[in-house]
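Colleague: I am new to this structure. Please take a close look at one part of chain B for me, and show me how that part sits in the whole.

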Amino acid sequence: MGTKRRSVTYVLGQIGFWLLIVLIFIYLIFPFYWAISSALKTQAELIQTPATYLPQNPTLVNFRAVFQNDAFLRGLGNSVLVAGAVTLMSLLVGSFAGFALGKLRFRGRAPSLYVILAMTMFPQIAVLAGLYAVIRVLGMPALPSLVLSYMIFTTPFTVWVLTAFFKGLPVSLLQSAQVDGATTFQTFRKILLPLTAPALVTTGLLAFIQAWNEYLFALTFTSISPEARTVPVAMALFSGQIARQEPFGEIMAGAVVVTVPLIVLVLVFQNRIVAGLTAGAVKG
Amino acid sequence: MAVKTKARGPSALARGEERTALWLLLPAFLIIAIVAAYPLGRVLYSSMTNERFAAGTDIRGEFVGLQNYRQLLSLTLRAVPQRLDAEGRPVVEDGAPVYENPRLFLRRLDTQLRYDAVRTFDLFGNRYVLGASSSDFINAIWDTLVFTVSSVALETILGLIIALTLARKFVGRGIMRAAMLVPWAIITVVSARIWEWMLQSTRAGFFNTFLTDLGLIERPIAFFQTASLQVPAMVMIDVWKTTPFMALLLLAGLAVIPAELYEAAEVDGAGPIRRFFQITLPLLAPTLAVALIFRTLDALRVFDLFQVVYGESRYSMASYAYYQLIAARNVGMSAAASVVIFIVIFVFAILYIRALGVERDGD
């Protein structure tokens, strides 16, 4: 009797568990599925009520329109440029600072760390008007000004994670190189930096994604130069090629186009990304 | 600080190390100075001027003290007078007094600042109206706070459920973890547009079709056009987008709880609920605290969702500051709004750190 009741609760528990898993999975994936399925629908099917759960006559018209949309394509190009430059610069700056803070002894180390940690909490909106004024005064073109302004949120994070990583490398590496007569910087460049490659990939990816995602600065600083708009701005201000009203078919096609490469990237590097996201938040 | 043992070698070496360190830190601090410190100082100053962007040329504003803050934050609470008929007697309809239109009443007041009605309410047989000199901003603060509290609460609960579910070992766990990264990888603006489409006010939208198919509603709901549903709709989108982040953090926190604790508790006969409250929750608390801080501070500065979906029809704090800067070209007011946002976020951060006793030192 006892074992029987136990097996019944076990089976019920299993069913409940798998139901929960399926529910969670649908919740996470469904909006993206809806974007794909809408992107494959014809204009007539999109405005049809009630909406269809599956595209009746799948078509690539919306995707074709998106790839002929100059504003959208320029947005993609701009985003790749900006996010790429931001990633490289943050890694450069971050690995320098991370090495100094993680491995070198100097006065002012703790305060420096605190300043950088405080920066991670810094709301972008607080500097919007000031940064806009700086950029106007310098007469800086929109794209470089975006790269510079994105450093406000990528730098602290990159420095923080790389500091932790450098700290984890054995001190003996540094010491033996110094005994061999290498300068501190040589030790950093030739010996320690190659060892940080995994951390560089993680932080680089996260910096790239943050820059790819950014909207507030992008919208503000490209307000007078539409040719410099990045993907989020292009997506927000999307105007269609076919439809006269809000061209949701094309918007969804655009959504799929900008999301798929990122999802692929994220899935390939998922272990590293999860490790990077949770770094610092969890003490082992 | 593991390397604080002052086993200094030759002091020349130590001095060289110190010099290298300062050079290596220079770029990071230069960037912080250019993109954060100077602009922040400039914003503080601008917030006390009437600086504006005019076509092409900047008007370097004059110093106006705290005028912008007064304009942004002034509130007034007034009793609304009853409507009087031609003989000066209060009008009564169906036994209830009839009041004047609160908006027009506030407009008639002879005050220095013009007030707009934010809320009206009845108390002890009187009707009161809360007026604000910038009703849009006061509403934006309120909406942002409601948005933050509800979305962080929902994210935490959902994130906890997802994390606890996925903490078990099962076939397909890798797929689930990959699926969790999907909402996180979608650009916020893009997710706003996807949900905007799913929440269409006609049955061309997914939710109206689905809810009708389930028999839950009779006619389509206008999610974005109904004032009381506007903020909940934002919460819905934000929860979907950010719950995975919460769940990932909590999952990592769960992973470091030693399994022996659970085994011991099970041997002692503790049921799953007791195990959750006596082992999981206390040991997860530090991770939960950090996740809560991150998410709250993030939610308070919400911009993308509100700006994309509502534009200038309903603001978050940040989208209001943006609107003042770009559309109204009012640098002084935008800067003052930014400072207010900064203070609100700062207060939240302090409260959290006090309440949760979080310490995140550098080591």
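**A covered helix in chain B**

Modeller: Of the 363 residues of chain B, 39% count as buried. Keep in mind that this is a predicted model. I will start with the chain, then go to helix 12 of chain B, where nine of the ten residues are buried.

First, the setting. Chain B has 13 helices and seven strands. Its C-alpha atoms fill a box of roughly 90 × 65 × 45 Å along the principal axes. The radius of gyration of chain B is 27 Å, while a compact globule of 363 residues would have one near 21 Å. Among contacts in chain B between residues at least 6 apart in sequence, 59% join residues at least 24 apart. The domain assignment splits off domain 1 (75-133) and domain 2 (136-356) of chain B. The C-alpha centres of these two domains of chain B lie 38 Å apart.

Now the helix itself. Helix 12 of chain B covers residues 317-326. Which of its residues are buried? They are Met317(B), Ala318(B), Ser319(B), Tyr320(B), Ala321(B), Tyr322(B), Tyr323(B), Gln324(B) and Leu325(B).

What covers these buried residues? Both chains supply cover. From chain B, the cover includes helix 4 (135-166), helix 11 (304-310) and helix 13. From chain A, it includes helix 6 (128-138) and helix 11 (216-221).

Next, look just before the helix. Ser316(B) lies in the loop between helix 11 and helix 12 of chain B. Is Ser316(B) buried or exposed? Count its neighbours: 28 other C-beta atoms lie within 10 Å. The cut-off for buried is 20 or more. Ser316(B) is therefore buried.

What does Ser316(B) touch? Leave out residues up to four places away in sequence. Then the list is Ala140(B), Asp143(B), Thr144(B), Phe147(B), Val302(B), Phe303(B) and Phe306(B). Ser316(B) is also 9.1 Å from Leu145(B), C-alpha to C-alpha. In sequence, Ser316(B) and Leu145(B) are 171 residues apart.

Now look past the other end. Arg329(B) is found in the loop between helix 12 and helix 13 (331-356) of chain B. Arg329(B) has a positive phi of about 55 degrees, although it is not a glycine. Most residues other than glycine have a negative phi. How many C-beta neighbours does Arg329(B) have inside 10 Å? The count is 16, so Arg329(B) is partly exposed.

Phe124(B) makes a useful second case. Phe124(B) also is not a glycine, and its phi is positive, about 50 degrees. Where is it found? Phe124(B) sits in the loop between strand 6 (116-123) and strand 7 (126-132) of chain B. These strands of chain B run antiparallel and are joined by seven bridges. One of the pairs is Leu123(B) with Asn126(B), its bridge partner in strand 7 of chain B. The hairpin has two residues between the strands. Phe124(B) has 5 C-beta neighbours inside 10 Å, so it counts as exposed.

Step back to the contact between the chains. How many residues does each chain put in? Chain A gives 84 residues and chain B gives 84 residues. On the chain B side, helix 1 (residues 11-46) of chain B gives the most, with 22 residues. By class, that side of chain B has 60 nonpolar, 14 polar and ten charged residues.

Last, the partner chain. Chain A has 14 helices and zero strands. Of its 284 residues, 46% count as buried. The C-alpha trace of chain A spans about 80 × 75 × 35 Å along its principal axes. The radius of gyration of chain A is 25 Å, against a value near 19 Å for a compact globule of 284 residues. Among the contacts in chain A with a separation of 6 or more, 78% are between residues 24 or more positions apart.

How confident is the predictor in chain A? Its mean pLDDT is 88, and 94% of its residues reach 70 or more. Among the elements of chain A, helix 4 (residues 70-103) has the highest mean pLDDT, 95. Helix 14 (residues 270-278) of chain A has the lowest, 80.

One more point in chain A. Thr49(A) and Pro50(A) are joined by a cis peptide bond, with omega about -10 degrees. Pro50(A) lies in the loop between helix 2 (43-47) and helix 3 (61-67) of chain A. Most peptide bonds are trans.

Notes. Residues numbered from 1 in each chain as written. Chains lettered and ligands numbered in written order. Predicted model: local features only at pLDDT ≥ 70, side-chain atom pairs only at ≥ 80, totals over all residues. Contact = placed C-beta atoms within 7 Å. Helix = DSSP H or I, 4+ residues; strand = E, 2+ residues; numbered from the N terminus. Nonpolar A, V, L, I, M, F, W, Y, C, P; charged D, E, K, R; others polar. pLDDT = per-residue confidence, 0-100. Domains from an automatic or database assignment. Buried ≥ 20, exposed ≤ 12 C-beta atoms within 10 Å, placed from the backbone. Rg over C-alpha atoms; globule rule 2.2 N^0.38 Å. Pairing = 2+ DSSP bridges.
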